Amino acid sequence: MKEIKAFVKPNRIQKVIDALTDNGFKSMTLSQSEGTGAFKARGARPSLDFHVTDSPVIKLELVCQNEEAQAAIEIIVNNSKTEE
């Protein structure tokens, strides 16, 4: 078994979920998160809770068979990419 964790921009998550579901990955966990790093979303603001600049992200967690992991990763990457 493999556990895959991905952090996806909110405006791309539905496309990722649909693609995973269409390819047989029907069970996953989604959580709202905040991230920091080089990318700063338009409208990013200082967090009242953590004193850092945050960008909203969705954390996707998926458990699958070892032989399915690479296919799931490719689906996530191909459907979550943006032009930025």
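Here is a quick look at the fold, the nonpolar core and one helix residue of this predicted model.

Start with the layout. The protein has two helices and four strands, and reading from the N terminus they come in the order β-α-β-β-β-α. Of its 84 residues, 29% are buried. The chain ties distant stretches together: among contacts between residues at least 6 apart in sequence, 70% link residues at least 24 apart. On the outside, about 6000 Å² is exposed, with carbon and sulfur atoms supplying 49% of that.

Now the inside. The largest nonpolar core holds 17 residues, and the members touching the most other members are Ile4, Leu20, Phe25, Leu60, Leu62 and Ile76. Four elements each give two or more residues to this core:

| Element | Residue range |
|---|---|
| Strand S1 | residues 2–8 |
| Helix H1 | residues 13–22 |
| Strand S4 | residues 53–64 |
| Helix H2 | residues 69–80 |

Helix H1 gives the most, at five residues. Nonpolar side chains do tend to be buried together in soluble globular proteins.

Leu60 is a good place to zoom in. Leaving out residues up to four places away in sequence, Leu60 touches Ile4, Lys5, Ala6, Ile13, Val16, Leu20, Met28, Thr29, Leu30 and Ile76.

What about Ala71, over in helix H2? Ala71 counts as partly exposed because its relative accessibility is 37%, and the buried class stops under 20% while the exposed class begins over 50%. Ala71 and Leu20 sit 51 residues apart in sequence, with a C-alpha to C-alpha distance of 9.4 Å.

Terms used. Residues are numbered from 1 along each chain as its sequence is written. This is a predicted model: local features need pLDDT of at least 70, side-chain atom pairs count only at pLDDT 80 or more; totals for chains, interfaces and linings use all residues. Side-chain values use heavy atoms; hydrogens and water are left out. A nonpolar core is a set of buried Ala, Val, Leu, Ile, Met, Phe, Trp, Tyr and Cys residues joined through side-chain atoms within 4.5 Å. Buried means under 20% relative accessible area, exposed over 50%, partly exposed in between (1.4 Å probe, protein chains only). Contact means heavy atoms within 4.5 Å. Accessible areas come from the Shrake-Rupley method with a 1.4 Å probe; for residues, only the protein chains shown count as cover.
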